[in-house]
Amino acid sequence: MNRILTCAFLLLPLCASAQEPINPVDKKSAPDSKAPSAAPKLVNPVKPTPNSLAIGKKAYTSDCAMCHGKDGAGAGELAVTMNLKVRDYRDPASLKDLTDGEIYSIIANGKGQMTGEAGRMKAGQIWDVVNYIRSLSKK
Ligand code: HEC
C-alpha cells in the first residue's frame, strides 16, 4: 500500500507535466496583438469622396470626438477628464508616420487607453473614418 502511494506521489509531477501539452496556448490566434504586422500594407479601398467623408464625420462625431475633439484638436471632454494624451489631427505631422492601414488597425483594435471599434463598426465605415481624420489637417 505504502509503495503504491509513494509511487503515485512520485508520478504526480510527471502526470502534471504530461498534461500540459493537452491545452497548449495558441499564441498565433491570441487576440492580444494590437497592431498586426500586415497593417501597414493594408490598402485603403475607399476613396475620400464627399460621401465617404460625410459618413466618416458622422461616425467620428459620435464615437471619437469625446476624446479626439470635435475638430480633431485632441481636447475632447473625456480625454480631459481621463487626462489622456491625444494628438492634434489638425497638424499634418500627427498622422504622417502612419499608413492608412495602420490607422485602420488602430481604429479597429484600439491602442493604449483607446478601445477598438471592431465589431461595432463595419470595415467600410472604418475606412470612411480614416479618410475623415486625414482630411482634418487639410482645412
Ligand atoms: C477614450 C478616448 C478615446 C476614444 C473614444 C478614441 N480614441 Fe483614439 N486614441 C486615444 C488615445 C489616448 C490615443 C493614444 C494611444 C497611445 O498612443 O497609447 C489614441 C490614438 C489614436 C490614433 C493613433 C494616432 C495617435 O493619435 O496616437 C488614432 C488614429 C485614433 N486614436 C483614432 C481614433 C478614432 C478614429 C476614434 C473613433 C472611432 C478614436 N480614436 C476613439 C483615445 C481615444
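How do the residues of the shell around the ligand divide into nonpolar, polar and charged? Let's work through that and a few more exercises on this predicted model.

**Exercise 1. Sort the shell around the ligand by residue class.**

Step one: get the size of the group. The ligand is surrounded by 20 residues, and the closest are Cys64, Cys67, His68, Tyr89 and Met114.

Step two: sort them. You end up with 13 nonpolar residues, two polar ones and five charged ones. Tyr and Cys go in the nonpolar bin here, while Lys goes in the charged one.

Step three: ask where the ligand is sitting. The answer is the largest pocket.

**Exercise 2. Find which helices supply at least two residues each to the shell, and which element gives the largest share.**

Step one: list the helices. Three of them qualify, namely α3 (65-68), α5 (100-109) and α6 (123-135).

Step two: pick the top contributor. That's α5, with three residues of the shell.

Step three: put this into the overall layout. The chain has six helices and two strands, and from the N terminus on they come in the order α-α-α-α-α-β-β-α.

**Exercise 3. Track down polar side-chain atoms that lie a short way from ligand N or O atoms, using 3.5 Å as the cut-off.**

Step one: start with nitrogen on the ligand. One such atom is 2.7 Å from a side-chain N or O atom of His68.

Step two: move to oxygen. Tyr89 has a polar side-chain atom 2.5 Å from a ligand oxygen, and Lys111 has one at 3.1 Å from an oxygen of the ligand.

Step three: compare with the cut-off. The distances for His68, Tyr89 and Lys111 fall within 3.5 Å.

**Exercise 4. Describe the setting of His68: is the residue buried or exposed?**

Step one: place the residue. His68 belongs to helix α3.

Step two: check its accessibility. The relative value is 14%, and the cut-off for buried is under 20%, so His68 counts as buried.

Step three: look for a partner from further along the chain. Ala79 is eleven residues away from His68 in sequence, and their C-alpha atoms are 7.2 Å apart.

Step four: tie this back to the ligand. His68 is among the closest residues to the ligand, and the side chain of His68 offers the N or O atom found 2.7 Å from a ligand nitrogen.

**Exercise 5. Classify the ring pair of Tyr60 and Tyr132, and say which helices the pair ties together.**

Step one: decide what you need. A pair of aromatic rings is described by the distance of the centres and the angle of the planes.

Step two: count the pairs. There are two aromatic pairs.

Step three: take the numbers for Tyr60 and Tyr132. The centres are 5.4 Å apart and the planes make an angle of 55 degrees, which makes the pair tilted.

Step four: find the rings in the fold. Tyr60 is in helix α2 (residues 50-63) and Tyr132 is in helix α6, so the pair links parts that are 72 residues apart in sequence.

Step five: check burial. Tyr60 is buried at 1% relative accessible area, and Tyr132 is buried too, at 5%.

**Exercise 6. Work out what the side chain of Asn44 contacts.**

Step one: locate the residue. Asn44 sits in the loop between α1 (2-19) and α2, and with 15% relative accessibility Asn44 counts as buried.

Step two: look at the backbone. A polar atom in the Asn44 side chain is 2.9 Å from the backbone nitrogen of Val46.

Step three: look at other side chains. Asn44 and Asn131 are joined side chain to side chain by a polar contact of 2.9 Å.

**Exercise 7. Compare two loop residues, Asn83 and Glu117: which is buried and which is exposed?**

Step one: start with Asn83. This residue is in the loop between α4 (77-81) and α5, and at 69% relative accessibility Asn83 counts as exposed. Its phi is positive, near 60 degrees, and Asn83 is not a glycine.

Step two: turn to Glu117. This one is in the loop between β2 (114-115) and α6, and at 8% Glu117 counts as buried.

Step three: set that against the whole chain. Of its 139 residues, 28% are buried.

Technical notes
Residues are numbered from 1 along each chain as its sequence is written. This is a predicted model: local features need pLDDT of at least 70, side-chain atom pairs count only at pLDDT 80 or more; totals for chains, interfaces and linings use all residues. Side-chain values use heavy atoms; hydrogens and water are left out. A residue is near a molecule or strand if one of its heavy atoms lies within 4 Å of it. A polar contact is a pair of N or O atoms within 3.5 Å; within protein, one must be able to donate a hydrogen and the other to accept it, and residues adjacent in sequence count only if both atoms are side-chain atoms. On a 1 Å grid over the protein atoms alone, a cavity is a set of points where a 1.4 Å probe fits but cannot get out, and a pocket is an open set with protein on both sides within 12 Å along at least five of seven lines; lining residues have an atom within 4 Å of a point. A molecule sits in a cavity or pocket if more than half of its atoms lie within 2 Å of its grid points. Helices (H or I, at least four residues) and strands (E, at least two) are DSSP runs, numbered from the N terminus. Rings of Phe, Tyr and Trp (its six-membered ring) pair if their centres lie within 6.5 Å; planes under 30 degrees apart count as stacked, over 60 as edge-to-face and the rest as tilted. Buried means under 20% relative accessible area, exposed over 50%, partly exposed in between (1.4 Å probe, protein chains only).
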